[in-house]
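Let's take a friendly walk through a protein structure together. Have a look at the sequence and the 3D view, and then read on.

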Amino acid sequence: MGLERPVKESKMCTQLNSRQLIEESLNRYYSDDIRQALGQFPFNFVITDPCLLDHPIVYASQGFLKMSGYSTEEVVGRNGRFLQGPDTDRRTILKIREAIREEKSCQVSILNYKKNGTAFWNLFHLAPVFSEGDGRVIHFVGVQTPISKFSRSSVTNNVSCSRPNNCHAFVENRLLNHHTSSVIYFGSCRREFSRDFSVDLSHSGLYNSLAEEDNAGLEEEPACEAKESDKQKAIDAGNRILFELTQFSKHTGKTVLDKRSNSADLVRVAPISSSLSIALNRIHESFVLAAPHLLDMPIVHASNLFLQLTGYSRDEILGQNCRLLQGQNTDQAAIAQIRQSIVAEQCCTVRILNYRKDNSSFWNLLHTAPIRNASGKVAFYVGVQLDVTGIDEDEHQDKGMTPHLKQLGAVGAVRVAVRSLHGVGSSR
C-alpha cells in the first residue's frame, strides 16, 4: 500500500475540504442569519479569515461585487491580491501587510483594478475582529470606497489608464492566483513565487528581504488622497459591520469584539499572532503546535490536515493537551518516550496508536521537536503526524522524500516561521 492517495482524489478532497472550511468560517462564530444581515449593508466590503490557507475572502458584499465586477464564485475563497495590478504601489501594500502583522486597523488609498482591467483609486479600511474568549484574531473586515473626485496633480499619468485584458501578467494573475498559494496574503504584493515544496517559506523567513527588494530603486509616487469626510465614513462603515458581527456572535456563545478583551482566557490558550498563523497555515502537513510554558501544555495551533486526520474541529482542539488522541491500546512506553524527549528538549520519533474523534484508531508515525524563538529559548513543541496504518515500517520509503524527511521539512518550516514572526503583533 502506498503512502499517498492518487493525486486526483487528493485534490478533490482538498478542494471539498477548503469549501467546507470557508463555509464554516462564518458559521462557527455567528448565527445562521449573519449573511442575510450583512447583505443589508450598502457598503463595499469583504471579510477574510487569517486562520485559513492564503488568508481567503469568506464573505463579499453585493456592493463589493458590483464595484469590482466579479461574481461571488470568483471572489470567495481567493486572496484579495486579485485587485492589484501593474501600478499598485508597493509601499501601500507593505503598510497593509504590516497592519495585518501587528493585528491593528489601517486606512490607505490604493490603486486597484476591476475585473475588466479598469483602474480605480480605492480608500481601503482594514479592521481586525477578535475572539472575546481567547483574544485571537479570527477575521479581518476590509471596507473599500472608490475615490471619484481627486486632484489631477495627485495622480501620475501611468496610473490613470486601464489594464489591458490581453496583458500576460494580468491574465496570469487572474487565472492562476485562485489555484496557487503565494508569498503574500491579503492586500499583498503581486509578485508570485512558484515552488515545488510543501511549504512557502517566503512569507515567514524572507519577509524582510522582500520588503527591502520591493523598496529598492523606487521613487515615492504621489497617492490619491480621499477627503476626510470619506475617511470617516469608511471608519463608520467598518464599525457598523463589526457591531453586527458582535451581535450575531452572542447567539453562538462565541462573542467577537473590535478589540482584544482584557478578560480573554490567555492562560488556557496562548494566542499566536495572525501573521504567524498565516505562515503556519502554508505548511501542508498534519501537525500541531503546543505551548510548554502553559498549564498542561495546550495545543495553540492545529493544521487543517491534522483536523482532517483526527476528525476534530479547531475549536475542539485548541487548548487541549495532545493526550486527547490517546486510547485504551496506546502504548505507554511510547508515551513515556515522548515525555522524556520533552523534558530533555530533544526530538523524538515514535510509531504510536492514536484515536480519532469517532474512536477509530490509526497508527501514527509521530515526530516531535522543540521550536526555539529568536533568543534560543523553547517557545513551542511541534508534533508532525503521519497516518501509517497498514504500512510496514520497512515500507516507509517514497520515490522522492521519505515520510520522515517530509516531517523534518515541516519542522524546519515551523522553526523559520516562529523565529521570524513569533511575538509580532502579539503584545497582549
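The sections below go from the whole chain to two histidines and their strands, and then to a pair of cysteines.

## The whole protein

Please keep in mind that this is a predicted model. The protein has 428 residues, and 51% of them count as buried. Its chain forms 14 helices and 11 strands.

How much surface does the protein expose? The value is about 20300 Å², and carbon and sulfur atoms supply 51% of it. The contacts tell you something about the fold, too. Take those in the protein with a separation of 6 or more: 62% of them are between residues 24 or more positions apart.

## What the record adds

The UniProt record, an unreviewed entry, places the feature "domain: PAS" at residues 57-103 and 299-321. You can look at the second of these spans in the model. Residues 299-321 are 48% helix and 17% strand, and the C-alpha atoms at the two ends of the span lie 6 Å apart.

## H139 and strand β5

Now find H139, which sits in strand β5, residues 137-146. Is H139 buried or exposed? H139 is buried, with a relative accessible area of 0%. The strand around it is mostly covered as well, with eight of the 10 residues of β5 buried.

Which residues does H139 touch? Leaving out residues up to four places away in sequence, its contacts include S25, Y29, Y30, I47, P50, V58 and A127. With S25 there is also a polar contact between the side chains, at 2.9 Å. T48 is another good one to find: H139 and T48 are 91 residues apart in sequence, yet their C-alpha atoms are 5.5 Å apart in space.

## The partners of β5

Strand β5 pairs with β1, residues 44-48, in the antiparallel sense over five bridges. One place to see this is V46, whose bridge partner in β5 is G142.

Strand β5 also pairs with β4, residues 119-131, again in the antiparallel sense. Here the pairing runs over nine bridges, and V129 stands opposite H139. β4 and β5 form a hairpin with five residues between the strands, where G135 takes a positive phi near 80°.

## H367 and strand β10

Further along the chain, look for H367 in strand β10, residues 361-372. H367 is buried, with a relative accessible area of 4%. Strand β10 is mostly covered, as nine of its 12 residues are buried.

Which side chain makes a polar contact with that of H367? It is the side chain of T349, at 2.7 Å. T349 also stands opposite H367 in the strand pairing. Not counting residues up to four places away in sequence, H367 touches several others, among them C347, C348, V382, V384, H404, Q407 and V411.

## The partners of β10

How many bridges join β9 to β10? There are eight, and the two strands run antiparallel. They form a hairpin with five residues between them, and N359 in the turn has a positive phi of about 80°.

Strand β10 pairs with β11, residues 378-385, too, in the antiparallel sense over six bridges. In this pairing R372 stands opposite V378. The hairpin of β10 and β11 has five residues between the strands, and G376 takes a positive phi near 95° there.

Before β9 comes a loop that follows α13, and A344 is found in that loop. A344 is partly exposed, with a relative accessible area of 39%. The C-alpha atoms of A344 and P370 are separated by 9.7 Å, and the two residues are 26 residues apart along the chain.

## Two cysteines without a bond

A disulfide is a covalent bond between the sulfur atoms of two cysteines. How many disulfides does the structure hold? The number is zero. C347 is in no disulfide, and its nearest cysteine sulfur, that of C348, is 8.8 Å away. A disulfide needs two cysteine sulfur atoms within 2.5 Å, so a pair at 8.8 Å does not count as one.

For C348, the nearest cysteine sulfur is that of C347. Compare how covered the two residues are: C347 is partly exposed, with a relative accessible area of 44%, whereas C348 counts as buried at 5% relative accessibility.

Technical notes: Residues numbered from 1 in each chain as written. Predicted model: local features only at pLDDT ≥ 70, side-chain atom pairs only at ≥ 80, totals over all residues. Heavy atoms only, no water. Buried < 20%, exposed > 50% of the residue type's maximum accessible area, 1.4 Å probe, protein only. Helix = DSSP H or I, 4+ residues; strand = E, 2+ residues; numbered from the N terminus. Contact = heavy atoms within 4.5 Å. Polar contact = N/O pair within 3.5 Å; in protein donor to acceptor, adjacent residues only side chain to side chain. Pairing = 2+ DSSP bridges. UniProt positions renumbered as here; feature names shortened; annotations may be inferred. Areas by Shrake-Rupley, 256 points an atom, 1.4 Å probe, with all protein chains shown as cover.
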